[in-house]
Amino acid sequence: MPENGSAVYGYPAAEDVERAVRHLAEEHPGLLRLREVGRSGDGRPLLLLSAGEGARTVLTVAGAHANEPVGGACVLALARQFAQDPRGLAELDCTWHALLCLDPDGARRHQGMEGPSLLGYHLGFYRPNFTRQPEFLPGAGDERPAMPESHALVEVLDELRPTVQFSLHGNEVGGSFLQLTAPLAGAAGAFRGVAADLGVPVEFRPFDGIDWVADSPGVLQLPVGGQDKEEKDPSGFLSRATWTYPAKYGTVSVVLEASMWAAPAVSDPTPVADPPGELHKVGDLLLGRLQQVSDALAGVPEPSSPCQAAARELLDVAPEVAVTWRQYAPGTSGIAATAGSSASMGIAARRIPLRAAAMMRRALLEEGRTAAAQTLEWLVREWCAELSAEFEPRWVPVSAQVALQTRVMRDIVRLSPPLA
């Protein structure tokens, strides 16, 4: 199976992005500048592309999550646009920097698929456990050193002190959405305008950022004072996000999610009669499916591998996730208050056990334990089919995902004043 995408799938592999950007920089010396800013845990180069000489300093971070390759495709598209039309950067009055891939090691573990199918995507799925995701720094009381990738990003942020930082992500099933660490006038409208033009649904109230404020449909904003607090995962895991790290420089960070498979149900604004009941229902669904994964592993010695570690973490933290959902006050954030938000929560409840089953299957196959792996594969196949039947997701072409991210970034840069 090809690594991190194929020609059919449509995403360039991380090494292909690096190769193409190096070639562009060699063809356009001075205009495109490429330098190494660090090394990954496995020794792969972390490369920063720079273009332009304007007053606004912009940083785009791609590849923070191993299973979300759209960022690399977007950075490659940006590099080509900069090379073909350098006047565009001058008109934006910016110096634009782009980190090609924050987690190149993880990107090579996430495998591609023969065409855009939910089943193919999940059979090759990999996303590291929370403590191995370089977008997050160790929280208070956590004595682990920062990952080398995290350290490199922090050094870049300290050096550049960008006006705006973009973190590019891909949402497997659902809609696109935006997260802002500080108010940015016009950003919500710009995002929704581009999404509407491309025919991509936005999540009415995304599952992510459960403690963030639903500023408007498809847009979440960090609460006042949130820049100085640790990021809390629904499982209770605390960390310091590299999104909020540069707030001390006046940087606004923008987390931009492009949907891979669009599910129109997540956009439905219809009020829900019983939000707490919806949260209990999705919590029960989550726990029930996690129990099925645990039952499939009963009596099977677990292998030791990155896939196993990530899957085991999901199995261990899921009960706390369900408790968080059940205890949450929907009225304060819009969680499960609309049909669209309930659909987003329903997808999230299915996503966690699906990921756990998929990664544990891979770990077992790597050690030749085919019988146990086949049981988990049956769950993966069944759940992918049920997800498709329940939400009727449609594949969003990679070109549309890239267009969403590049256009929204350019529009937001236009709205961002240079730092004093």
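Start by selecting W243: in this predicted model, its relative accessible area is 7%, so it is buried. Now add W212, which at 4% relative accessibility counts as buried too, since the cut-off is under 20%. Put a centroid on each ring (the six-membered one) and you should get 6.1 Å between the centres, with the planes at 75°; that is over 60 degrees, so the pair is edge-to-face. Colour the backbone around the two and you'll see that the pair links distant parts of the chain. W212 is in the loop between α7 (187-198) and β8 (213-216), while W243 is in the loop between β11 (238-241) and β12 (252-262), 31 residues apart.

**More rings**

How many aromatic pairs does a search of the whole structure find? It turns up nine. For another one, select F82 and W96: their ring centres are 5.6 Å apart and the planes sit at 50°, so this pair is tilted. F82 belongs to helix α2 (residues 70-84) and W96 to strand β4 (residues 94-99), so the contact ties together parts that are 14 residues apart in sequence. Both F82 and W96 are buried.

Next, show Y11, Y121, F125, W261 and W395 together; they form one aromatic cluster.

**Over to the strands**

Hide the rings and select strand β3, residues 56-61. Is this strand mostly covered or mostly open? Mostly covered: six of its six residues are buried. Turn on side chains and look along the strand: R56, V58 and T60 point one way, T57, L59 and V61 point the other way, and all are buried.

Now bring in the strands that pair with β3. With β4, the pairing is parallel and runs over six bridges; to find a spot on it, pick V61, which stands opposite L99 in β4. β4 is also the strand that holds W96 from the tilted pair. Then select β6 (residues 164-174), which runs parallel to β3 and is joined to it by four bridges. Here, pick T60 and its bridge partner F166.

**Zoom out**

Finally, switch to a cartoon of the whole protein chain, with its 12 helices and 13 strands. The radius of gyration is 21 Å, close to the 22 Å that the globule rule gives for 420 residues, so the chain is as compact as a globular protein of that length. The C-alpha trace spans about 60 × 50 × 45 Å along its principal axes. Buried residues make up 60% of the 420. Of the contacts with a separation of 6 or more, 81% come from residues 24 or more positions apart. Switch on a surface to finish: the chain exposes about 15,800 Å², with carbon and sulfur atoms supplying 53% of it.

Conventions: Residues are numbered from 1 along each chain as its sequence is written. This is a predicted model: local features need pLDDT of at least 70, side-chain atom pairs count only at pLDDT 80 or more; totals for chains, interfaces and linings use all residues. Side-chain values use heavy atoms; hydrogens and water are left out. Rings of Phe, Tyr and Trp (its six-membered ring) pair if their centres lie within 6.5 Å; planes under 30 degrees apart count as stacked, over 60 as edge-to-face and the rest as tilted. Buried means under 20% relative accessible area, exposed over 50%, partly exposed in between (1.4 Å probe, protein chains only). Two strands pair if DSSP finds at least two bridges between them. The radius of gyration is taken over C-alpha atoms; the globule rule is 2.2 Å times the number of residues to the power 0.38. Contact means heavy atoms within 4.5 Å. Accessible areas come from the Shrake-Rupley method with a 1.4 Å probe; for residues, only the protein chains shown count as cover.
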